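Me: Please pick one place in this structure where helices pack against each other and go through it closely. Then set it against the rest of the structure.

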Amino acid sequence: MEFTFLFSQFMSGLTYGLMLFLVASGLSLIFGVMNILNFAHATFWLIGAYICFTFWSLMEAHQFALWVSIPLAALATAAFGWVCEVVLIKRIYKRELHEQLLITYAMALILGDLIKIIWGPTDRLIVRPPIIQQPLHLFGAPIDSYFIFVILIGFTVAIGLWWFLKYTKYGHIVKAAVFSREMVGALGIPIPKIYTWVFTLGIFIAGLAGGVQSAIGSVTLGMDTNIIIQAFCVVVIGGFGSLMGTLVGSLIVGEVFSFAILYWPDGAMVLIFVITAAILIVRPWGLFGTPLRA
Amino acid sequence: MDKKNSFLKRFRLPAGLFFVALILPLVVSEFWVHVFTEIIILGLFAAAFNLIFGYMGQLSFGQAAYYGIGAYTTGLLMVKLQWPIFVCLPVSMITAGLGALILGYFCVKLRGIYFAILTMAFGQFVFFIIFQWYSFTGGDNGLQGINPPMWLFKANAYYYFSLAVVTIGMVLLYFITESPFGYTLKAIRDNTERTEFIGINVQRYMLINFVISGMFCGLAGALWGPFNRSVAPDLCSWQNSGHPVFMAVMGGPHHFLGPMIGSVIFTFLNAFVTGFTEYWPLVSGLVMIIVVLLMPGGLFGIIKSKGYFETKAVVLEGNNPGDTGDKKNE
C-alpha cells in the first residue's frame, strides 16, 4: 500500500514536472538566446490551452478531437507568438533590462485580459476521449492514463530539442548564440531572424504544453500566474539556457512539490522558493548553466 | 546665480506639488480624495523602490513583499492588539526593514537580471507565507476591520494624515539621496568596480540601501491597511511589485520626484479607467508599452530633453538607471 501510494505520487510529480519542463524550456531558450525574460510565457501557454479547447469544441463529436486539437493549438499559438515577436519584442532587443521586463510584463497583462475578453470568465473543461478516461494500473497503483501521454510528450520534446540543438545546423547556431551573440552575428548569421524563430519555437512549445494541459483539468483564468513563477524557479535551478538543467530543474520542482504537499501542504511552494534561493546564492548560474554569463 | 535663488529654483516643484496636494481635497468630491490618498501612498512606495532602481541601478521585482510586510504588521497590530496607529507605523518600518535585511542579505550578492529574479523569488516567498498561514494572517481572506481611529475616519482626515506621513517620508528619502551615502549609491550604480577600488564595501552599502528602501516600502504599506480598512495577500504578489517599477519608469527614475509623478499618472488613470471598464490590466499594459517604447527616461526625461525647465538634476546625465555596471554578455 505504502509503495503504491508513493509510486502514484511520484507519477503525478513526474507529470507535473514535465508540464513545467514544457513551459520552462521555451522560457529558458528565449532567455538564453535573446536575453529577454518573458513574463508572458505562461500566458501564451494558457492561450494554447484555450485555443485547444476551442478546436476541441468544434470537433467535439469525433473521437480524435483532442489529438488533433493539441497540435493545432500549438501551431496557432506559435503563429500568434510570431506576430507578437515581429510587432513588439523586436523593438526591445537593445533596450535596458527593466524596459524588457516591463514590456513582457505588460504583454502578460494584455494577453491575460484578451483571454478574458475572448473566452470569458467561465472555466472550460474538455471531455476526454474514452481511451484515457479509465485509470491505468501500474504496480497496483492507479495512474491517470492521460499522465502517461503527458510524460511521453514531455520526454519527446526534451529529446527533440536535444537532437535539434546537437545535430542540426540551426541548433548549432542557437547554441552558439547562447554563448556569444556578437560572434555569431560577426559570422554573417542574421541575428534578428534567429531571434524571431527562437521566440516562435519557444512559444510553439508553450502552446503545445497548453494544449496538453487543457485535458488534464479544467482551463481557468489566472492559471498562468502560478506556473510562470514556478517556471522561473525551474530555470533558475537548472541554469538559463541549459536544456539539461531545465529538465532536471523541472523534475526536482515537480517531485518536491508532489511530495511536500503530502507532508507539509502549506509549505510546498515555500520549499520550492527556498531551493531556488539557495541555488541562486550558491550558483547564480544554476546547476547546469555556465558561469560565463553570470 | 546666487545661492538663495538656486535653492528656490530647486524646491519650487516639490513645494508647488505640496501646496496643490494641500488644497485640492478641499475642492473635489470624496471619491477623488480617496484617489489622492492612494496616489501619495503609492508614490511613497515607488520613491522607496527608486532608491534601489534609480539610485543603486538594480531592478528589484519584489518590493511588494516589504510593502506587504508593512501593511500586515499594521493590520495585525491594529486588529489583534488595538495598538494606536502612531506606534504601528514605526513598528511596520522596523519589521519591513528586518525582512529586507534577511532577504536582502542574499539579494545584494547578485547583479542585473539575477538580482531581479531573486528579489522576485523572495517576494513570492513572502507572498506564499502570508497566503498559507491562515491562523496568523487570515490566508487568502486577508484581514478585515483595520479601522483607523475615529478622528481619522473621514476621507479628508486620513488624507491629510497620509500626506503628513508621506511628506516626512519623502523629505527623509531626499536627505538620504543627497547625503554622502546617496552619492556612494550613485557611484555604485555608475561603476561598481571603481567604487570597490576606492575602498567602499559595495555589498554592505547595497544591503543598507535595500533595508532603507524596504523600510519606506513598509511605511507606505502601513498607511495602506487603515486606508483600505483591510489587507490581502495580493499586496505582496509579483504583479504588485511591477507597479512601482512602472511608476518610476513613467515618471522618470532620474529625478527624485519621478516616481511620485508616475504614481499620479498611474493612479489617476486607474481610477478613471476602472470607472467604465473592468479591463484595467489591458489598458495599463498598453500604456506601459507606449511609455517604454516612446518615452524612455520617463516624463522628466522628456521635459529635460525639451529644456522646458532646468532643475538641478539629481542624477548625472547620460546614465541609464538599468545599467547594471557589469558588462553585458561579452
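Reply: What follows starts with one pair of helices and then moves outward. The model is predicted, so local features need pLDDT of at least 70 and side-chain atom pairs count only at pLDDT 80 or more, while totals for chains, interfaces and linings use all residues. Residues are numbered from 1 along each chain as its sequence is written, with chains lettered from A and ligands numbered from 1 in the order in which they are written.

The pair is H1(A) and H9(A), which pack at an angle of about 65° with their axes 9 Å apart. Helices (H or I, at least four residues) and strands (E, at least two) are DSSP runs numbered from the N terminus. Axes are lines fitted to C-alpha atoms, for helices over the stretch in contact, and angles run from 0 to 180 degrees between N-to-C directions. The crossing of H1(A) and H9(A) is right-handed, that is, the near helix is turned clockwise from the far one by less than a right angle. H1(A) brings Leu20(A), Val23(A), Ala24(A), Leu27(A), Ser28(A) and Phe31(A) to the contact, and H9(A) brings Ile227(A), Gln230(A), Ala231(A), Val234(A) and Val235(A). Two residues are in contact if their C-beta atoms, placed from the backbone, lie within 7 Å. An α-helix has 3.6 residues a turn, so residues three or four places apart point the same way. By class, the contact of H1(A) with H9(A) has 9 nonpolar residues, 2 polar and no charged. Nonpolar here means Ala, Val, Leu, Ile, Met, Phe, Trp, Tyr, Cys and Pro; Asp, Glu, Lys and Arg are charged, and the others, Gly among them, are polar.

Two residues of this pair recur in the largest nonpolar core: of its 205 residues, Val23(A), Ala231(A), Leu44(B) and Ala220(B) touch the most other members. Such a core is a set of buried Ala, Val, Leu, Ile, Met, Phe, Trp, Tyr and Cys residues joined through C-beta atoms within 7 Å. Buried means 20 or more other C-beta atoms within 10 Å of a residue's own, exposed 12 or fewer, and partly exposed in between, with C-beta atoms placed from the backbone. In chain B, leaving aside neighbours within four places in sequence, Leu44(B) is in contact with residues including Val166(B), Phe216(B) and Ala220(B).

After H1(A) comes a loop, leading to helix H2 (41–58), that holds Asn35(A). The phi of Asn35(A) is near 60°, positive in a residue other than glycine. Asn35(A) is buried, with 20 other C-beta atoms within 10 Å. Gln82(B) also has a positive phi, about 55°, without being a glycine, but Gln82(B) is exposed, with 7 other C-beta atoms within 10 Å. Gln82(B) sits in the loop between helix H3 (64–80) and helix H4 (85–107) of chain B. By contrast, 15 of the 17 residues of H3(B) are buried, so this helix is largely enclosed by the rest of the structure.

H9(A) also takes part in the contact between the chains: helix H4 (97–119), helix H9 (223–238) and helix H11 (268–282) of chain A each supply at least two residues of the side that touches chain B. The largest share of that side, 13 residues, comes from H4(A). The contact takes 33 residues from chain A and 38 from chain B. The chain A side divides into 22 nonpolar, 4 polar and 7 charged residues.
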